[in-house]
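Work through the exercises below with the model open. Each task is followed by a stepwise solution.

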Amino acid sequence: MAANVRRELAEGTLGNSVSIIDPLRNHRWDRFVEQHPYGWITHLSGWKRVLDQNFPHMTGYYLVLNDPLGEIRAALPVYAVESWLMGRRLVSIPFATLCDPLATEAADVELLSEAVLRLAERLGISRVEIRTAAAAHLLDRDRFHVDCLHKHHFLPLCEDPELVKQRFHRTCVRQRIARAEKSDLRLIRGKRESDLREFYLLHRITRKRKGLPPHPYQLVKALWQNFGPQGLVELLLCRRGKETIGGVLLFKYKSRVSIEYSAVNALHNDSSPVHFLFWNAIREACLEGYGVLDFGQTSVHNKSLMEFKSHWGAQVSDLPHFLYPNIPPRSCAATEESMAKKLLQFVCNKAPDTALSYLGNFCYRHLG
């Protein structure tokens with residue numbers, strides 16, 4: 001039954017004004033994302049290709065409103081995520097930090113929201129999550145419960161990286177950059193899969209140290225392979241001698257550069273490889289004419305990471321998640337979630353390195 005409904009809705013209508021398109025077959029989609037002020041790499045058809053290739057438990061539905069000339073006026077991509085552990089839900093957009101509804105008018109967002117709820121009903125799904133940043137003011141806060149547990153740190157750039165550098169904290173950042181530049185570190189651009197593998201092994205260890213499951217290697221590889229040739233994903237590595245001691249995976253699209261994944265060998269913290277990599281990413285973004293560098297999303301409970309990002313002079317904004325139905329979480333549910341996170345941290349910390357990839361694959365099979 002569910003499979004038949006999914007096939008029926010792959011490309012169809014949800015009411016008189018909202019239709020569903022396949023961005024992999026519809027040439028209008030990427031052009032629309034490119035032109036929209038909220039359009040980001042996670043909205044592109046390539047993101048759907050990556051999810052389709054690696055997460056068969058997810059099905060994407062790209063809801064659009066057309067103008068009288070047949071061009072896309074507004075849109076909202078959502079994914080049905082099937083999980084026996086976390087429950088079935090509609091999410092916009094899985095694994096994305098920035099993924100606003102692509103609309104600038106509240107009336108359009110209202111039409112798209114109603115269509116999402118109709119889609120959820122037809123799929124037999126009771127939970128919906130719409131993630132926002134700049135478009136948060138357009139959603140109906142009476143219809144959805146608003147979760148503001150994540151923050152977005154971003155750094156406005158200019159053509160002169162030295163002017164941007166002046167905003168950095170003197171001892172926590174600028175002195176660490178100076179130390180890194182005296183530590184015989186080299187910046188390497190990852191071009192081969194062996195470079196990506198080196199980065200991923202460090203990333204896996206870094207996530208273990210933080211008590212977090214690593215992202216699946218196939219996800220990182222697919223993003224690099226799908227977007228790298230277009231210059232939208234770039235891998236920067238930090239080497240000391242012949243050893244890779246840190247790395248960052250950057251998203252680069254329109255006016256933004258985003259540090260999406262990072263990794264470091266903690267045994268080399270004395271040479272400040274993280275500061276070396278971040279400063280080089282910022283400096284190059286300035287020289288290449290980008291307007292903003294993103295530090296990604298941060299949980300409000302992660303005080304140390306919030307402080308680290310603020311030391312770079314980053315501005316902070318909310319990343320509201322709009323949840324349906326509009327039912328505030330029970331206090332006992334919040335306690336259960338906290339206990340589950342602590343248990344996951346314990347398992348990640350204790351798991352042998354060889355088991356971490358399997359743990360990451362399991363966790364991301366249920367996340368979105």
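**Exercise 1. Describe the annotated domain.**
Task: State the secondary-structure content of residues 169–297 and the distance between the end C-alpha atoms.

Solution. This is a predicted model. Over residues 169–297 the chain is 43% helix and 30% strand. The end C-alpha atoms lie 20 Å apart. Next, the record: an unreviewed UniProt entry gives this range, 169–297, the feature "domain: BioF2-like acetyltransferase".

**Exercise 2. Map the nonpolar cores.**
Task: Which residues have the most contacts inside the largest nonpolar core?

Solution. Start with the size: the largest core has 83 residues. W29, I41, W47, L63, L90 and F227 have the most contacts inside it. Now take W29. Neighbours within four places in sequence are set aside. W29 then touches I21, P23, H43, L44, S45, Y62, V64, I72, A75, P77 and L102. A second core is separate and has 28 residues, including V164, I245, V257 and W312.

**Exercise 3. Compare what packs on α3 and α8.**
Task: List the buried residues of helix α3 and those of α8, then find what packs against each helix.

Solution. Helix α3 spans residues 45–54. Its buried residues are S45, G46, W47, K48, V50 and L51. They pack against α2 (28–35), β2 (58–66), β3 (72–81), α8 (217–227) and β10 (243–253).

Turn to α8. Its buried residues are Y217, L219, V220, K221, A222, L223, W224, N226 and F227. That is nine of 11, so α8 is largely enclosed by the rest of the structure. The cover includes α3, α7 (193–209), β9 (233–240), β10 and β11 (256–264).

**Exercise 4. Place W279.**
Task: Is W279 buried or exposed?

Solution. Locate W279 first: it is in helix α9, residues 273–287. Its relative accessibility is 3%. The cut-off for buried is under 20%. W279 therefore counts as buried. Then list its contacts, leaving aside neighbours within four places in sequence: P161, E162, K165, F168, I177, E181 and W312. Finally, check V257. It is 22 residues from W279 along the chain, and their C-alpha atoms are 13 Å apart.

**Exercise 5. Find the surface patch.**
Task: Which residues form a nonpolar patch on the surface, and how does L85 fit in?

Solution. The patch consists of W84, L85, M86, F362 and L367. Together they have about 530 Å² of accessible area. L85 sits in the loop between β3 and β4 (89–92). Its relative accessible area is 45%. Exposed would need over 50%, so L85 is classed as partly exposed.

Conventions. Residues numbered from 1 in each chain as written. Predicted model: local features only at pLDDT ≥ 70, side-chain atom pairs only at ≥ 80, totals over all residues. Heavy atoms only, no water. Core = buried A, V, L, I, M, F, W, Y, C linked by side-chain atoms within 4.5 Å. Buried < 20%, exposed > 50% of the residue type's maximum accessible area, 1.4 Å probe, protein only. Contact = heavy atoms within 4.5 Å. Helix = DSSP H or I, 4+ residues; strand = E, 2+ residues; numbered from the N terminus. UniProt positions renumbered as here; feature names shortened; annotations may be inferred. Patch = residues over 30% accessible without salt bridge, like charges linked within 9 Å, V, L, I, M, F, W, Y side chains within 5 Å. Areas by Shrake-Rupley, 256 points an atom, 1.4 Å probe, with all protein chains shown as cover. Salt bridge = Lys/Arg side-chain N within 4 Å of Asp/Glu carboxyl O.
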